[in-house]
Amino acid sequence: MSNIETSDLETHLLECYLFVDDYLKSNPKVADWRRSNNSDPEFTDAEVIVIALMQGYFRTDTLKRTYELVVANAEKAFPSRAGYKQWIRRLQRLPDQVGRLARAAALRGLAGEGRKLYAADSLPIPLCESARHGRARLLDEDGAKFGVDASGDWFYGFKMHALIHQPTQVVITAMLLPGNRRDQIAARGLARPMSGGVLLADEGYRGEALFDWLYNQAQTLRVMPSDGSDEGHSAVSRARQQAESSFSGLWRRFSNRVYARSWHGLWTSLLLKVLHFNLDRADIVSQPVESTRD
């Protein structure tokens, strides 16, 4: 505990808890999902989620290590907490709640913001090392497929697709799709929450068919660095570079190794990173002080 700023951790825990608990209490249909006699456990869903959110604070690769650090440094904050195995089972049943919280945090960040400038990007989520591709079977029934990353290398797993509101950098929506799903296809799903605007895109989103669909169906103008005149090219390139910087901050939160062994576990762990990212970008939680956390 000597390397943890206790007051800083307590502040971060409290800020996360207030947001999560307030949202769940304000949206009882989201919170009251259980259909059993044990519908009001002492160890609440808000506490389950907040412990997991500390992965962003401690910067750890695994939720297990996150749980251990919370217990070691903030044990009194969760007097009714369950053991690790029960906690992780509870957490993996809450992807819908975590996703809605991420959306609520994004809406908080968008409050009063009228600019409709967005950016889309994707990140491969490989389930195994390339040396194991010949034996890759994990989550194949859940849609894991072979795909090609931006460098032209093969991977086995999924792709995380995200839409960011560029001025605020909050994630508007995110999707986990098979690794072979093209960015052009994913873009249509990402664009649905948009109410018109401009979409900054790289060459992965090229194509006349996508341009027409976005313009006609989503009232959205797709622009890429390869579009237009030299002056326009320069402006779009600068804007796209700013977008890539935003995505870099998001993708850095994702580990190169996947520890989940179920689709729900994987999706919940990814959504938690999006939620913590949005809490940060929307200034709902304060920035932790620099320290060695692990």
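This briefing covers strands, one crossover helix, salt bridges, a surface patch and backbone outliers. The model is predicted. Its salt bridges number 9. Strands 5 and 6 pair in the parallel sense, whereas strands 3 and 4 pair in the antiparallel sense. A nonpolar patch of Phe146, Val148 and Trp154 lies on the surface.

**Parallel pair and crossover**

- Strand 5 spans residues 197-200 and strand 6 spans residues 220-223. They pair in the parallel sense over 4 bridges.
- Leu200 faces its partner across this pair: it stands opposite Val223 in strand 6.
- From strand 5 the chain runs through helix 8 (residues 208-217) to strand 6. This β-α-β crossover is right-handed.
- Gln219 sits in the loop between helix 8 and strand 6. Its phi is positive, about 50°, although Gln219 is not a glycine.

**Two sides of helix 8**

- Leu210, Trp213 and Leu214 are the buried residues of helix 8. They lie on the same side of helix 8, because they cover an arc of only 95° around the axis.
- A general point on spacing helps here. An α-helix has 3.6 residues a turn, so residues three or four places apart point the same way.
- Glu208, Tyr215 and Asn216 are exposed. They are carried on the face of helix 8 that is turned away from its buried side.

**Antiparallel hairpin**

- Strand 3 covers residues 154-165, and strand 4 covers residues 171-178.
- The two strands pair in the antiparallel sense over 7 bridges.
- Phe158 stands opposite Pro178 in strand 4.
- Strand 4 is mostly covered, with 8 of its 8 residues buried.
- The hairpin of strand 3 and strand 4 has 5 residues between the strands. Within this hairpin, Gln169 takes a positive phi near 70°.

**Nonpolar surface patch**

- Phe146, Val148 and Trp154 together offer about 300 Å² of accessible area.
- Trp154 belongs to strand 3. It counts as exposed because its relative accessibility is 56%, and the cut-off for exposed is over 50%.
- Phe146 lies in strand 2 (residues 145-148). Phe146 is only partly exposed, because its relative accessible area of 35% falls between the 20% and 50% limits.
- Phe146 also comes within reach of a distant part of the sequence: Gly179 is 33 residues away along the chain, but the C-alpha to C-alpha separation is 5.6 Å.

**Salt bridges**

- As a general rule, side chains of opposite charge can pair when their charged atoms come close.
- Glu113 and Arg115 form a salt bridge, with the closest N and O atoms 2.7 Å apart. Glu113 is partly exposed at 23% relative accessible area. Arg115 is exposed at 52%.
- Arg81 and Glu75 form another salt bridge, with closest N and O atoms 3.6 Å apart. Arg81 is partly exposed, with a relative accessible area of 26%. Glu75 is also partly exposed, at 46% relative accessibility.
- Arg253 and Asp280 meet through their side chains in a salt bridge of 3.3 Å, N to O. This pair links distant parts of the chain, 27 residues apart. Arg253 is in the loop between helix 9 (230-251) and helix 10 (263-281), and Asp280 is in helix 10.
- Asp280 is buried, because its relative accessible area of 11% is under the 20% limit. Arg253 counts as partly exposed, at 23% relative accessibility.
- Arg281 joins Arg253 and Asp280 in a network of salt bridges.

**Positive phi in the loop after helix 3**

- Arg59 is in the loop between helix 3 (45-58) and helix 4 (63-74).
- Arg59 has a positive phi of about 60°, although it is not a glycine.
- Arg59 is partly exposed, with a relative accessible area of 45%.

Key. Residues numbered from 1 in each chain as written. Predicted model: local features only at pLDDT ≥ 70, side-chain atom pairs only at ≥ 80, totals over all residues. Heavy atoms only, no water. Patch = residues over 30% accessible without salt bridge, like charges linked within 9 Å, V, L, I, M, F, W, Y side chains within 5 Å. Areas by Shrake-Rupley, 256 points an atom, 1.4 Å probe, with all protein chains shown as cover. Salt bridge = Lys/Arg side-chain N within 4 Å of Asp/Glu carboxyl O. Buried < 20%, exposed > 50% of the residue type's maximum accessible area, 1.4 Å probe, protein only. Pairing = 2+ DSSP bridges. Right-handed = clockwise from strand over helix to strand, strands pointing away. Arc of directions from axis to C-beta.
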